[in-house]
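I am opening my notebook on this model, to look up its packing and a few backbone details.

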Amino acid sequence: MPGLFIVVEGPEGAGKTTLVKRLTRRLQQAGYQVLEVREPGGTDGAEAARALVLDPERHWSPVAELFLILAARAELVTRVIEPRLREDYWVVISDRFDLSTEAYQIAGRGLPRDGVFAANQLATGGLRPDLTLVLDIPPQVGRRRQAAQGKAPDRMEREDEELHERVAQAFRDAVGPGVVHLDAQRTPEELEGVAWDAIRARIGTP
Ligand code: Z5A
């Protein structure tokens, strides 16, 4: 597909949303058309699934949680991301995607890797990010940032310390085509600079 699919990943409070917004501005200033999305979410149905899966009052089995997230992803990919990558927009930038499923549902919840990969493949139709920017940060630093923000913890954020440590380790260990790790303890300006360098390296702009 002609468009570029960029994903920003990392633990809670790493600065993903802040970076996505800065990169959107930067890409637009450079003349690209940009669509910003978040996961889970981005369509009516996917936002409904997000509300269900992150509701702290609800209880889901790990498999049910996976399928709610993948239902949201299938909707977002089919209805929003793929059409844009094919036609109007040059860049789709997403706050989280399938590396989050590896981190939370496989490493965090302990679901079997092969089964989750197969289900994810079905949900995405095989769509892969061109570039995945992983924000590396100790989970307690991210949580301190969220606390300072006054954000009410969602269902995942209420999980125990051990789960969040496994999640953070999975993000730290992530490797593969297009995966770039960035130190998220830099200032937002510095982080934007190194992320922009990674994007330019990917798209070949001097
Ligand atoms: N989930 C899942 O389980 N499986 C999946 O496959 C997917 C998701 C896709 C979605 O939460 C939840 O869904 C997530 C995993 C699960 N839950 N958990 N846990 P989300 O993505 O909507 O939210 P989040 O990642 O948990 O948290 P967040 O608060 O949105 O964090 P963030 O986007 O990384 O950070 P931020 O909002 O940009 O910044 C947080 C604060 O830090 C804020 O006050 C900023 O001003 C400040 N900040 C930002 N950057 C910096 C720097 N560089 N230095 C200092 N301070 C900074």
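**Contacts, cores and backbone**

I began with Leu135, which touches Val8, Glu9, Gly10, Pro11, Ala14, Gly15, Lys16, Leu19, Leu182, Ala184 and Leu191, leaving aside residues up to four places away in sequence; contact here means heavy atoms within 4.5 Å.

I kept in mind that this is a predicted model, in which local features need pLDDT of at least 70 and side-chain atom pairs count only at pLDDT 80 or more, while totals for chains, interfaces and linings use all residues. Residues are numbered from 1 along each chain as its sequence is written, and side-chain values use heavy atoms, with hydrogens and water left out.

Next I looked up the largest nonpolar core (buried Ala, Val, Leu, Ile, Met, Phe, Trp, Tyr and Cys residues joined through side-chain atoms within 4.5 Å; buried means under 20% relative accessible area, exposed over 50%, partly exposed in between, with a 1.4 Å probe and protein chains only). It has 24 residues, of which Ile6, Leu27, Leu133 and Leu135 touch the most other members. At least two residues of this core come from each of strand S1 (4–9), helix H1 (16–29), strand S3 (91–95), strand S4 (131–136) and helix H8 (188–203), and H8 gives the most, with 5 residues. Helices (H or I, at least four residues) and strands (E, at least two) are DSSP runs, numbered from the N terminus. Another core, of 13 residues, lies apart from this one and includes Leu68, Leu99, Ala103 and Leu163.

I then turned to the backbone. In the loop between strand S2 (34–38) and helix H2 (44–54) I found Pro40, and the peptide bond from Glu39 to Pro40 is cis, with omega near -10 degrees.
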